Structures are given as C-alpha cells and as structure tokens.
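Visitor: I've never looked at this protein before. Could you walk me through how to read it?

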Amino acid sequence: MNAEVTRQAEAAAGSLGLEAFPVAIRRAEDIVPAFDRLEERADALFVIASGLVLSNIVSINILAAGARLPTIYIAREFVQAGGLLSYGPSFTAIYRRAGDFIDKILRGTKPGSIPVEQPTKFDLVINLTTAKALRVTIPPTLLARADEVIE
C-alpha cells in the first residue's frame, strides 16, 4: 500500500513540476535520520499514514515544526496532533456506511452481493495554530472550503 501511495505522490508531484524525495521509515529510530536526509531538500511533507506514523505523530510534528516544514496528512487526527492540514476520506462517513452493510448482512444479504464502494465524502482540516507557527498563510478561499479549522 505505501509503495503505491508513494508512486502516486511522486507522479502527482511531477505533474505539478515538483520533485519528490521519498524517505522510508520502518522503525521509530528511523524518524530523526529521515528528517536529517530531508534537510534543505524539502519545502513540505506529505506523510503517508501507518501505525508507525500514528504512534509517533507528535514526534514527527515536532521535528517538522523545528525544520519549518508544513505537513499534509490523510486524516484529521494527524492535524489535531499538530500537523498543518489533512485531506482525505471522511472516516466517520465510512464507519456509518459500514454500519449499513452490517445491518444488511444481519438481515440476510450475502456479503459477496454487496458492491464495493469508494468514499464519497472527503474532509479538509486545517490547523491555523500550526500555520501561524510556520508563518504559512492559508488562502481565505481554502479556509472557506475547510470542513474543520483548528485555532
């Protein structure tokens, strides 16, 4: 999964005329050296979600703030922990939809007959406290589109 997300991020960066510098972390001990490798090469971070990232999110956000690197994530929890912004599927909506599927299954629908669905609701969350600390100006139009703004 992470390899595919990395590939897609590199392709998206290239299409925007940007250069991506993927840095893998496999253990908590890899986090500080990863930031050392990014020093003076990165202007921002797209952090791919994983259990390792989630369990070390405060450290990652502190290191990013110290390096003055804005961060983007897939879920609001990362922004609530000090990241700059997140844009990704609404997990609340996904969980509600899962409840609908469970109801159907309990009423006799065969799980294999339920079609696979893609997320339809996406959340944009912006942390203005982090933006101010990084001296990043968030355009008013982006703030207006945000589902949640943390101040």
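Guide: Let's go from the overall layout to a helix pair, the cores and then some single residues.

Visitor: Sounds good. How many helices and strands are there in the protein?

Guide: First, keep in mind that this is a predicted model. The protein has 8 helices and 5 strands. Follow the sequence along and the pattern reads α-α-β-α-α-β-α-β-α-β-α-α-β.

Visitor: What box do the C-alpha atoms fill?

Guide: Taken along the principal axes, that box is roughly 60 × 35 × 30 Å. Of the 151 residues in the protein, 28% are buried. Here's another thing to look at: among contacts with a separation of 6 or more, 55% come from residues 24 or more positions apart.

Visitor: Okay, on to the helix pair. How do I describe two helices that pack together?

Guide: Two packed helices are described by the angle between their axes and the distance between the axes. Try it on helix 2 (residues 31-38) and helix 4 (residues 57-66): their axes come within 11 Å and cross at roughly 25 degrees.

Visitor: Are helix 2 and helix 4 roughly parallel or roughly antiparallel, then?

Guide: Angles under 35 degrees count as roughly parallel, so helix 2 and helix 4 are roughly parallel to each other. As for handedness, helix 2 passes helix 4 in a right-handed crossing.

Visitor: Which residues of helix 2 and helix 4 make the contact?

Guide: On helix 2, look for Ile 31, Val 32 and Phe 35; on helix 4, look for Ile 60, Leu 63 and Ala 64. Sorted by class, this contact has 6 nonpolar residues, with no polar and no charged ones.

Visitor: Is there a general idea behind nonpolar residues gathering like that?

Guide: In soluble globular proteins, nonpolar side chains tend to be buried together. In this model, the largest nonpolar core has 14 residues. The ones with the most contacts inside that core are Phe 35, Leu 45, Val 53, Ile 60, Leu 69, Tyr 73 and Phe 78. Helix 2 and helix 4 each supply at least two residues of the core.

Visitor: Which residues is Val 53 in contact with, leaving aside its neighbours within four places in sequence?

Guide: Val 53 is in contact with Ile 25, Val 47, Ile 48, Ile 60 and Phe 78 on that count. Apart from the largest core lies another one, of 8 residues, including Leu 124, Ile 126, Ala 131 and Ala 146.

Visitor: Now a single residue. Is Asn 61 buried or exposed?

Guide: Find Asn 61 in helix 4. Buried means under 20% relative accessible area, so Asn 61, at 7%, counts as buried. Setting aside neighbours within four places in sequence, Asn 61 is in contact with Thr 71, Tyr 73, Phe 78, Ala 81, Gly 82 and Gly 83.

Visitor: And where is Asn 56 found?

Guide: Asn 56 is in the loop between helix 3 (51-55) and helix 4. With 15% relative accessibility, Asn 56 counts as buried too. Its contacts, leaving aside neighbours within four places in sequence, are Ala 28 and Ile 31.

Visitor: What about Ile 25, which came up with Val 53?

Guide: Ile 25 sits in the loop between helix 1 (2-15) and helix 2. Its relative accessible area is 25%, which makes Ile 25 partly exposed. Not counting residues up to four places away in sequence, Ile 25 touches Asp 30, Ile 31, Ala 34, Leu 52 and Val 53. Take Leu 52 from that list: Ile 25 and Leu 52 are 27 residues apart along the chain, and their C-alpha atoms are separated by 8.3 Å.

Visitor: One last feature: how do I read a phi angle?

Guide: Most residues other than glycine have a negative phi. Arg 68 goes the other way, with a positive phi of about 60 degrees although it is not a glycine. You'll find Arg 68 in the loop between helix 4 and strand 2, and at 39% relative accessibility it counts as partly exposed.

Visitor: Where is Arg 135, whose phi is near 60 degrees, found?

Guide: Arg 135 is in the loop between helix 7 (128-134) and helix 8 (140-145). Its phi is likewise a positive value in a residue other than glycine. With a relative accessible area of 71%, Arg 135 is exposed.

Technical notes:
Residues numbered from 1 in each chain as written. Predicted model: local features only at pLDDT ≥ 70, side-chain atom pairs only at ≥ 80, totals over all residues. Heavy atoms only, no water. Axes fitted to C-alpha atoms, helices over the stretch in contact; angles between N-to-C directions. Helix = DSSP H or I, 4+ residues; strand = E, 2+ residues; numbered from the N terminus. Parallel < 35°, antiparallel > 145°, perpendicular 65-115°, else oblique. Left-handed = near helix turned anticlockwise from the far one by under 90°. Contact = heavy atoms within 4.5 Å. Nonpolar A, V, L, I, M, F, W, Y, C, P; charged D, E, K, R; others polar. Core = buried A, V, L, I, M, F, W, Y, C linked by side-chain atoms within 4.5 Å. Buried < 20%, exposed > 50% of the residue type's maximum accessible area, 1.4 Å probe, protein only.
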